[in-house]
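Please open the model in your viewer and keep the sequence panel visible. The stops below are meant to be selected in the order given.

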Amino acid sequence: MYYHKNLLRKIITLAFLIVNVDIAHSHHSSAMFDKNDIRHVDAIVKEFQWANPHVWIQIYIENQNGKQEEWSIEGLGTNGLFRKGWRPNSFKPGDIIEIKFNPMLDGSSAGGFIGAKLTNGKTFGRW
Amino acid sequence: MANKKNILKFIFMIVSQWALFLLPINSYAQNNLTLPDWSGVWERYEGNGGMFDISTTKPPEGRAGRPGVRQYPPLTKIWEEKYKKNLELVAIDRLPDPISVCGTPAGFPRLLALPDVYEFIVRPEQTWIITENGPNIMRIYTDGRTLPKPDDRWLTYTGESVGYWENKTLVFKTISMIGEKSTILDRSGMTLSDQAEVNARMFKTDEGLLRVELVIEDSIALTEPWHVTRHFRRLITGTRVYDYACAENNRNPITNSGKTLTLGPDGKPIDIEF
């Protein structure tokens, strides 16, 4: 009886653990990003800045005039991302990727990272 | 006969050397001190983006820093007004988080609600709480010392902590924290005064969580003791802890008005409104 109670308690705790894992935290307020707007675009990686407090992916996106525009996409910190499977070379200059992000509210060419997919099918973040 | 004497002498020498080696352990044993195993790497169990007291957070799933999300400690009238002003700043993205400038620690008790991972180093004479994010180091002395006298202390981010072991529960008190001048408890803008004192009990639960029960008293900010409980869960064996150099590539400086800027790769703000 005691064993069953203990087992049940462990299962409940495990369920709470799974539900309660905090999935994201920004070093600063993320209020500048429009959480209601999700951009999903093709992009070319210019640079991947693997550094704290946040990683940044510099990408080129083709604008409406067919011109390449540089955008800065902000991710979380290196340590938590590493534990989620990211690596310092996850994105290499010249990589063609699909990327999802929340753009800045004021229309600036920057955004908050949501997810990305490489041409080999590997994904990062929420995809 | 001489041979027997030599054997006894040899045994005495071995035993006495071992006794000397074991002396510190024996002295701890005299205090009935059996330290708990808090080894490994841990992370905060509670979510809500670092809301400090999730038991009173509304809405219950609300995250720190989101407009309209707050907690309900037993605040004095003055402190409730201060908190409301900060909540208004949060709503317009103008509440500066002191740790966003990458120069100062989060301080206690906020350091119990940070992202990234934790280590709890337990030694007979002191326990260290090390947070990867920041990083922060908190020392809780358990060597019998008392809290420093008023003339021997000044306000700091982490304060002064002393405690003792009650079986496998660490009981400690923290005073002399810098409070609202330079710290917040979370991004909802909750603060305490520099008169705050924290009494804490920290122990491992049957489920393997590390539980911290806090009783916060603050004659200026609180009308009665504020009870807050936080937990940590142990990550898988082998989890590593990494360097966290916050100033390494901080592309989000805070302006004097509290606005968070976004810098381009050239270091210049790319915010259109700036």
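**First stop: a strand residue in chain B**

Select B:Val215, which sits in strand S8 of chain B. The model is a predicted one. Is B:Val215 exposed, partly exposed or buried? B:Val215 counts as partly exposed, because 14 other C-beta atoms lie within 10 Å, and the buried class begins at 20. Leaving out residues up to four places away in sequence, B:Val215 touches B:Asn199, B:Pro225 and B:His227. Now add B:Gly264 to the selection: 49 residues separate it from B:Val215 in sequence, and the two C-alpha atoms are 44 Å apart in space.

**Strand S7 of chain B**

Move to B:Arg201, a residue of strand S7 of chain B. B:Arg201 is partly exposed, since 16 other C-beta atoms are found within 10 Å. Neighbours within four places in sequence aside, B:Arg201 is in contact with B:Thr169, B:Val171 and B:Glu213. A distance label drawn from B:Arg201 to B:Leu147, 54 residues apart along the chain, should read 17 Å between C-alpha atoms.

**Chain B as a whole**

Colour chain B by secondary structure. Two helices and nine strands appear, in the order α-β-α-β-β-β-β-β-β-β-β from the N terminus. Chain B has 274 residues, and 35% of them are buried. Of the contacts in chain B between residues at least 6 apart in sequence, 52% join residues at least 24 apart.

**The nonpolar cores**

Next, select B:Leu111 and B:Ile216. These two have the most contacts inside the largest nonpolar core, a set of 41 residues. Helix H2 (77-91) and strands S2 (117-122), S4 (136-141), S7 (197-204), S8 (210-217) and S9 (226-234) of chain B each give two or more residues to this core. Around B:Leu111, look for B:Ala106, B:Ile129, B:Thr131, B:Asn136 and B:Met138, which it touches when residues up to four places away in sequence are not counted. A second, separate core has 24 residues; among them are A:Val45, A:Leu81, A:Met104 and A:Phe124.

**Helix H2 of chain B**

Select H2(B) and label its two end C-alpha atoms. They are 21 Å apart, which agrees with the 21 Å that 15 residues should span at 1.5 Å a residue. Which residues of H2(B) are buried? They are B:Trp79, B:Tyr83, B:Asn86 and B:Val90. These residues cover an arc of only 60° around the axis, so they lie on the same side of H2(B). Rotate the helix to view the face turned away from its buried side, where the exposed residues B:Lys77, B:Ile78, B:Glu81 and B:Lys85 are carried. After H2(B) comes B:Asp93, with a positive phi near 60°.

**Loops with particular backbone geometry**

Follow the chain into the loop between H2 and S2 of chain B, where B:Cys102 lies. B:Cys102 is not a glycine, yet its phi is positive, near 60°. B:Cys102 is partly exposed, because 19 other C-beta atoms lie within 10 Å and 20 would be needed for the buried class. The loop between H2 and S2 of chain B also contains B:Pro109, and the peptide bond from B:Phe108 to B:Pro109 is cis, with omega near 10°.

In the loop between strand S3 (126-131) and S4 of chain B, select B:Pro135. A cis peptide bond joins it to B:Gly134, with omega about -10°.

Then go to B:Ser176, in the loop between strand S6 (169-175) and S7 of chain B. B:Ser176 has a positive phi of about 65° without being a glycine. B:Ser176 is buried, as it has 20 other C-beta atoms within 10 Å.

**Chain A and its contact with chain B**

Finally, display chain A, with its two helices and six strands running α-β-β-β-α-β-β-β from the N terminus. Of its 127 residues, 33% count as buried. In all, 31 residues of chain A are in contact with 34 residues of chain B. Helix H1 (2-20), strand S1 (39-49), strand S2 (56-62) and helix H2 (78-83) of chain A each supply at least two residues of the side that touches chain B. The largest share of that side, five residues, comes from H1(A). By class, the side of chain A that touches chain B has nine nonpolar, 17 polar and five charged residues.

Colour chain A by pLDDT to finish. The mean is 85, and 79% of the residues of chain A reach 70 or more. Over residues 12-24 of chain A, however, the pLDDT is below 50, and this stretch has ten contacts in the model beyond near neighbours in sequence.

Key. Residues are numbered from 1 along each chain as its sequence is written. Chains are lettered from A and ligands numbered from 1 in the order in which they are written. This is a predicted model: local features need pLDDT of at least 70, side-chain atom pairs count only at pLDDT 80 or more; totals for chains, interfaces and linings use all residues. Helices (H or I, at least four residues) and strands (E, at least two) are DSSP runs, numbered from the N terminus. A residue is buried if 20 or more other C-beta atoms lie within 10 Å of its own, exposed if 12 or fewer, and partly exposed in between; C-beta atoms are placed from the backbone. Two residues are in contact if their C-beta atoms, placed from the backbone, lie within 7 Å. Ala, Val, Leu, Ile, Met, Phe, Trp, Tyr, Cys and Pro count as nonpolar, Asp, Glu, Lys and Arg as charged, and the others, Gly among them, as polar. A nonpolar core is a set of buried Ala, Val, Leu, Ile, Met, Phe, Trp, Tyr and Cys residues joined through C-beta atoms within 7 Å. The expected span of a helix is 1.5 Å times one less than its number of residues. The arc is that of the directions from the helix axis to the C-beta atoms. pLDDT is the predictor's confidence in each residue, from 0 to 100.
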